[in-house]
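Good morning, and thank you for making time for this presentation. I would ask you to look at the sequence and the model before I begin.

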Amino acid sequence: MINYNPRNWWRVLLSFPRSPIFTTLLLDVIAIGLYAGLVVWIELRFDLEAPLGPQILSLLGIILGLLLVFRTNTAYDRWWEGRRFWGQLTNVSRALARQLDAMLPAGAQERRNEYAELMAAWPHALIQRLRGNGLREPGRLSGEIVQALHSDIRAGALPREALIALTPMMSSFDDIQGGCERILKTPIPFSYSSYIKQFVLLFALLAPFALADEFGYGTVIAEMFIFFSTMGIELLANEVEEPFGIDRNDLPLEDIGATIARDVRALLPA
């Protein structure tokens, strides 16, 4: 995830050459500008005039604007929901560590260390699971924590009431994993995503015919701005709709996992 100061807007504005959207679209914007210049040249050279006007762009622009707004809102909702799950994981891990610290005997350093290491490993196991290269399943780690709880209760290291107090927290780990997997395995429907891309491209291909008569070669600049703004919004939505990857605008899962590991080890001192 890109870290920046939102108040330093001049620096944010001037960093656009490093923007992933800008670098991805640079050649496409140049190509669509050359296309627009060719359309204008043909119309002026052969004295042609397409039976279109800027009004058609206004009508189609309303429809396209509604589609892009819905598209970006849907993508951002998925990104924000993923962040909420990882915020919940941070809170649950801290709460579970505090409860175990209060219930375990003061001299049970080995048990404290075991619980801390299992809880510290859980976020990293979930990261690998979400990225498809997990070596240790988070569900197995949850099972090891539950088994350790039952073992300590039978051994008398934890009170029997611990099972009632800690079970809801253990269930939260499953809820978090299931929620993240739901986001990962339920992408935006293909037909919807494909239709928006087709609409944006057709809108860009149509625009020079509607603008050439009025703006002349100024159509090239207008066309490049139109394509960059519309296709850029679509690419931005594509980038944030799956928040668990390693793209520059994905969630900082490793940083969150490191924070959880540091906190649970501090709350369960050996």
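Is E234 buried or exposed? With a relative accessible area of 0%, E234 is buried. Please keep in mind throughout that this is a predicted model.

Let me stay with E234 and turn to its partner. E234 forms a salt bridge with K197, and the closest N and O atoms of the two are 2.6 Å apart. This pair joins distant parts of the chain, since E234 belongs to helix 8 and K197 to helix 7, residues 190-215, with their positions 37 residues apart. K197, for its part, has a relative accessibility of 30% and therefore counts as partly exposed. The two residues also belong to a network of salt bridges that links R71, K197, E234 and E241.

In the structure as a whole there are twelve salt bridges. I should like to show two others, both of which involve helix 4. One is formed by R265 and E117, with the closest N and O atoms 3.1 Å apart. Here again distant parts of the chain are linked: R265 lies in helix 9, residues 253-267, and E117 in helix 4, 148 residues apart. R265 has a relative accessible area of 40% and so is partly exposed. E117 is partly exposed as well, at 33% relative accessibility.

The other is local. E114 forms a salt bridge with R111, and their closest N and O atoms are 2.2 Å apart. Both residues sit in helix 4, residues 109-130, at a separation of three residues, or about one turn of the helix. At 33% relative accessibility, E114 counts as partly exposed.

I now come to acidic residues without such a partner. Which side chain of opposite charge is nearest to E223? It is K197, yet K197 is 18 Å away, and E223 is buried with no salt bridge. E223 lies in helix 8. Setting aside neighbours within four places in sequence, the contacts of E223 are I32, Y35, A36, A204, L205, A207 and P208.

A second case is E43, in helix 2. E43 is likewise buried and has no salt bridge. For E43, the nearest side chain of opposite charge is R45, at 14 Å. Beyond its neighbours within four places in sequence, E43 is in contact with L48, E49, A50, F209, A212 and D213.

A brief word on the backbone is in order. D47 is not a glycine, and yet D47 has a positive phi of about 55°. D47 is placed in the loop between helix 2 and helix 3, the latter spanning 54-103. At 71% relative accessibility, D47 counts as exposed.

Finally, I turn to empty space. Rolling a probe the size of a water molecule over the atoms shows where such space is left. The second largest pocket contains about 160 Å³. Which residues line the second largest pocket? They are F22, L25, L26, V29, I221, M224, F225 and F228. Helix 2, residues 20-45, and helix 8, residues 218-240, each contribute at least two residues to this lining. By class, the lining has eight nonpolar residues, no polar ones and no charged ones.

To close, I return to helix 8. E234 and E223 both lie in helix 8. E234 has a salt bridge with K197, whereas E223 is buried without one. I would welcome your comments.

Definitions and conventions
Residues are numbered from 1 along each chain as its sequence is written. This is a predicted model: local features need pLDDT of at least 70, side-chain atom pairs count only at pLDDT 80 or more; totals for chains, interfaces and linings use all residues. Side-chain values use heavy atoms; hydrogens and water are left out. On a 1 Å grid over the protein atoms alone, a cavity is a set of points where a 1.4 Å probe fits but cannot get out, and a pocket is an open set with protein on both sides within 12 Å along at least five of seven lines; lining residues have an atom within 4 Å of a point. Grid points are joined across faces, edges and corners, and a volume is the space filled by probe spheres set on the points. Helices (H or I, at least four residues) and strands (E, at least two) are DSSP runs, numbered from the N terminus. Ala, Val, Leu, Ile, Met, Phe, Trp, Tyr, Cys and Pro count as nonpolar, Asp, Glu, Lys and Arg as charged, and the others, Gly among them, as polar. Buried means under 20% relative accessible area, exposed over 50%, partly exposed in between (1.4 Å probe, protein chains only). Lys and Arg count as positive and Asp and Glu as negative; His and the chain ends are not counted. A salt bridge is a side-chain nitrogen of Lys or Arg within 4 Å of a carboxyl oxygen of Asp or Glu. Contact means heavy atoms within 4.5 Å.
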